[in-house]
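Here is a quick walk through a protein chain, from its overall layout down to a few side chains. Have the sequence and the coordinates open while you read.

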Amino acid sequence: MTDPTADLDALLAAFAQMRPRGGPHRPHGGPHGRGPHEGPPPWMRGGPGFGPGMRMAGAPARIRLLDALVHAEHPLSVSEIADAIGVDQPRASRLVQQAVDMGLAAREADPDDARRTRIALTSEGRRRAGDFRGERRERLTRALADFTDDERAELVRLLGKLAASWPRD
C-alpha cells in the first residue's frame, strides 16, 4: 500500500480554502495554527530589511495566497486570488501588497488587458511556499505516525468524500 501523506496534504490544503469569504480564520492551537506558543513560522516574521511593520498580518491567509499562486496555471488577478483563498477583494489586495513588499510576489501586466495586473510568485515566494509545504508535510507525517496503513487509507477516502460533498457557495 502506498503512503497517502501526499493525498492527505492535498486534501488538507483544499480544506484550508473552503471557508466563507471575509470571515476570520483561527485554526486550533493558537492564533497562527502552530501550537499555543509557537507563533508564525520564521519566514512569516520578515527577514533582513523587514521591520516590525512588515510582520505578516494574517499568516494563514498569506499561506493560502502562496499556495494558490503555486498551484495556478498562470498568474492570477486579485479577484481570482480572493476567490481561491476565501477572502473579500480588499483583503486580497492587502495580502497581495504585503507579498509584493516582501518580495514573495510580483505584479505583471495582463497580456489581454494592459490596464489590469496579474500576480505571480517570485523565485523567493516559490521557495518559501515550498518551505511551508515541506513543514506541513513533516507535521502531517508525525500526526499520522500512530495510524495503521488501513486507517490512513480510510482517512484519505473519508476526507476525499467530504471534500467532494463540500458546498461550493
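What follows goes from the whole chain to its hairpin, then to one helix and its salt bridges, and finally to a single valine.

## The chain as a whole

First things first: this is a predicted model. The protein chain holds six helices and two strands. Going along the sequence, you read the pattern α-α-α-α-β-β-α-α, with the strand pair sitting between four helices before and two after.

Of the chain's 169 residues, 37% count as buried. Take the contacts with a sequence separation of 6 or more, and 59% of them are between residues 24 or more positions apart. As for the outside, the chain exposes about 9,900 Å², and 54% of that comes from carbon and sulfur atoms.

## The hairpin

The two strands, β1 (residues 105-110) and β2 (residues 113-121), run antiparallel and pair over six bridges. Two residues make up the hairpin connection from β1 to β2. If you want one register point to hang the pairing on, take Glu-108: its bridge partner in β2 is Arg-118.

Arg-118 turns up again in a charged cluster, where Glu-80, Asp-110, Arg-116 and Arg-118 are linked in a network of salt bridges.

## Helix α5 and its two faces

Now for helix α5, which covers residues 123-143. How far apart should the ends of a helix with 21 residues be, at 1.5 Å a residue? The expected span is 30 Å, and the end C-alpha atoms are indeed 30 Å apart, so the two values agree.

The buried residues of α5 are Gly-125, Arg-128, Ala-129, Phe-132, Arg-136 and Leu-140. Look down the helix axis and these buried residues fall within an arc of 120 degrees, so they line one face of α5. The spacing fits a general rule: an α-helix has 3.6 residues a turn, so residues three or four places apart point the same way. On the face turned away from the buried side, α5 carries the exposed residues Ser-123, Glu-138 and Arg-142.

## Salt bridges around α5

A search of the whole structure turns up 10 salt bridges, and several are worth a look here. Start with Glu-124, which has two arginine partners. One is Arg-127, with the closest N and O atoms 2.7 Å apart; the other is Arg-128, at 2.6 Å from N to O. Why can Glu-124 and Arg-127 be described as about one helical turn apart? Because they are three residues apart in helix α5. Glu-124 and Arg-128 are also separated by about one helical turn, being four residues apart in α5.

Are these side chains buried or exposed? Arg-127 is partly exposed, with a relative accessible area of 42%, and Glu-124 is partly exposed too, at 25%. Arg-128, at 10% relative accessibility, counts as buried, since the cut-off for buried is under 20%. Arg-128 also has a distant sequence partner to check: its C-alpha atom is 8.5 Å from that of Leu-66, 62 residues away along the chain.

Further along α5, Arg-136 forms a salt bridge with Asp-67, the closest N and O atoms being 3.7 Å apart. This pair links distant parts of the chain, with Arg-136 in helix α5, Asp-67 in helix α2 (residues 59-71), and their positions 69 residues apart. Both Arg-136 and Asp-67 are buried.

## Val-96, a buried residue in α4

The last stop is Val-96, which lies in helix α4 (residues 89-101). With a relative accessible area of 1%, Val-96 is buried, as the cut-off is under 20%.

Which residues does Val-96 touch, leaving aside its neighbours within four places in sequence? It is in contact with Arg-62, Leu-65, Val-78, Ile-81, Arg-107 and Ile-119. For another way to place Val-96, use Ala-106: the two are 10 residues apart in sequence, and their C-alpha atoms are 8.7 Å apart in space.

Note on methods. Residues are numbered from 1 along each chain as its sequence is written. This is a predicted model: local features need pLDDT of at least 70, side-chain atom pairs count only at pLDDT 80 or more; totals for chains, interfaces and linings use all residues. Side-chain values use heavy atoms; hydrogens and water are left out. The expected span of a helix is 1.5 Å times one less than its number of residues. Buried means under 20% relative accessible area, exposed over 50%, partly exposed in between (1.4 Å probe, protein chains only). The arc is that of the directions from the helix axis to the C-beta atoms. Two strands pair if DSSP finds at least two bridges between them. A salt bridge is a side-chain nitrogen of Lys or Arg within 4 Å of a carboxyl oxygen of Asp or Glu. Contact means heavy atoms within 4.5 Å. Accessible areas come from the Shrake-Rupley method with a 1.4 Å probe; for residues, only the protein chains shown count as cover.
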